[in-house]
Amino acid sequence: MTINCAIIDDEPLAAGLLKSYTEKTPFLNLIGTYGSALEAMKELRDRPAQLLFLDIQMPELSGIEFAKILPADTKIIFTTAFQQYAIEGYKVNAIDYLMKPISYDDFLKAANKALDWFSVSQRQQATALDRFMFVKSDYKLIRVSLDNILYIEGLKDYVRIYLEDGTKIMSLMNMKKLEDYMPRPEFLRTHRSYIVHMTKVQQVDRFRIVFGTEYIPISDSYKDDVQQYFEQHTLS
């Protein structure tokens with residue numbers, strides 16, 4: 001996978017260093033280097049970048065201000081010499097926050113975080129579009145339609161997939177890997193041991209999801225996402 005990226009930094013030396021780092025990172029394709037957010041805004045309108053290495057403290061328009069007006073699918077790695085901006089950076093969903101002077105080791109770690117994010121996003125989009133996935137079970141590949149899944153249960157190194165027709169499929173796979181494949185918010189993790197197909201939910205009892213005689217727990221770690229989903233689909 002190749003990520004189209006751009007550098008926005010008003011310090012020529014810092015921008016030059018980042019440019020040299022991108023050029024020796026195989027999965028990064030640098031499409032532009034800009035000395036200000038305003039310059040980047042004009043140029044990137046016609047040729048958007050997937051990932052920005054964005055300085056925070058710049059004249060006219062700061063990196064934080066610029067980040068707030070970017071499309072949601074443009075990801076950001078902030079670069080700055082000022083530690084106090086870290087919290088603000090993460091409030092705009094930055095993938096990482098690099099402190100100057102930036103070593104290539106730190107740069108590569110941040111770039112790999114971006115690569116992981118785009119890879120997961122790409123898999124989710126493909127699964128959502130195709131509406132099926134293949135899972136390994138008993139030395140076979142079994143095609144599973146997303147529309148037939150009720151919920152998925154994690155069992156140590158295995159998962160059990162519960163289908164609408166009562167079929168249960170066991171597969172050697174961890175929950176995190178499976179969660180990364182499932183399109184959100186259609187499928188949400190409700191508990192460390194459960195992923196639920198939210199469009200199949202017919203009943204919630206005392207903040208537990210009910211499938212027939214089975215009650216799926218909603219733990220504190222995941223309740224915010226689940227509650228938000230229910231609130232968005234509740235008439236009050």
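In this predicted model, K176 and D180 both sit in helix α6, which covers residues 175-181. They are four residues apart, about one turn of the helix. Their side chains form a salt bridge, with the closest N and O atoms 2.9 Å apart. The two ends differ in exposure. K176 counts as partly exposed, at 49% relative accessibility. D180 counts as buried, at 14% relative accessibility.

**Salt bridges**

Side chains of opposite charge can pair when their charged atoms come close. The count for this protein comes to 15 salt bridges. Three of them are set out here.

| Pair | Closest N to O distance | Setting |
|---|---|---|
| K19 and E23 | 2.6 Å | helix α1 (residues 12-23) |
| K176 and D180 | 2.9 Å | helix α6 (residues 175-181) |
| K100 and D55 | 3.4 Å | loop between β5 and α5 for K100, strand β3 for D55 |

K19 and E23 meet in a salt bridge of 2.6 Å, N to O. Because they are four residues apart in helix α1, about one helical turn separates them. K19 counts as partly exposed, at 35% relative accessibility. E23 counts as exposed, at 54% relative accessibility.

K100 and D55 form a salt bridge too, with the closest N and O atoms 3.4 Å apart. This pair links distant parts of the chain, 45 residues apart. K100 lies in the loop between β5 (96-99) and α5 (104-130). D55 belongs to strand β3, residues 51-55. Are K100 and D55 buried or exposed? Both are buried.

K176 and D180 in helix α6 are four residues apart. Salt bridges that share partners join D9, E11, D55 and K100 into one network.

**Cis peptide bonds**

K100 also takes part in a cis peptide bond. The bond runs from K100 to P101, with omega near -5 degrees. P101 is placed in the loop between β5 and α5. Another cis peptide bond joins R184 and P185, where omega is about 0 degrees. P185 lies in the loop between α6 and β11 (187-191).

**Positive phi in loops**

Which loop holds Y139? Y139 is placed in the loop between β6 and β7 (140-145). Its phi is near 65 degrees, a positive value in a residue other than glycine. Y139 counts as exposed, at 92% relative accessibility.

K156 has a phi near 55 degrees, again a positive value in a residue other than glycine. K156 lies in the loop between β8 (149-155) and β9 (158-163). K156 is exposed as well, with a relative accessible area of 84%.

**V135 and L172**

V135 lies in strand β6, residues 132-137. L172 is found in strand β10, residues 168-172. The two residues are 37 apart along the chain, and their C-alpha atoms are separated by 8.7 Å.

Their surroundings can be read from accessibility. V135 has a relative accessible area of 2%; the cut-off for buried is under 20%, so V135 counts as buried. L172 has a relative accessible area of 59%; the cut-off for exposed is over 50%, so L172 counts as exposed.

What does V135 contact, leaving aside its neighbours within four places in sequence? Its partners are K140, L141, I142, V144, I161, I169, S171 and M173.

L172 has a part in a surface feature. Together with Y158 and M170, L172 forms a nonpolar patch on the surface. The accessible area of Y158, M170 and L172 together is about 300 Å².

**The whole protein**

How many helices and strands does the protein have? The secondary structure comes to seven helices and 15 strands. The C-alpha atoms fill a box of roughly 65 × 50 × 30 Å, taken along the principal axes.

The protein has 236 residues, and 47% of them count as buried. Among contacts between residues at least 6 apart in sequence, 50% join residues at least 24 apart. The exposed area of the protein is about 13600 Å². Carbon and sulfur atoms supply 49% of that area.

Charges are counted as 28 positive and 32 negative. The mean positions of these positive and negative charges are 6 Å apart.

Note on methods. Residues numbered from 1 in each chain as written. Predicted model: local features only at pLDDT ≥ 70, side-chain atom pairs only at ≥ 80, totals over all residues. Heavy atoms only, no water. Patch = residues over 30% accessible without salt bridge, like charges linked within 9 Å, V, L, I, M, F, W, Y side chains within 5 Å. Areas by Shrake-Rupley, 256 points an atom, 1.4 Å probe, with all protein chains shown as cover. Salt bridge = Lys/Arg side-chain N within 4 Å of Asp/Glu carboxyl O. Helix = DSSP H or I, 4+ residues; strand = E, 2+ residues; numbered from the N terminus. Buried < 20%, exposed > 50% of the residue type's maximum accessible area, 1.4 Å probe, protein only. Contact = heavy atoms within 4.5 Å. Lys, Arg positive; Asp, Glu negative; His and termini not counted. Charge placed at Lys NZ, Arg CZ, Asp CG, Glu CD.
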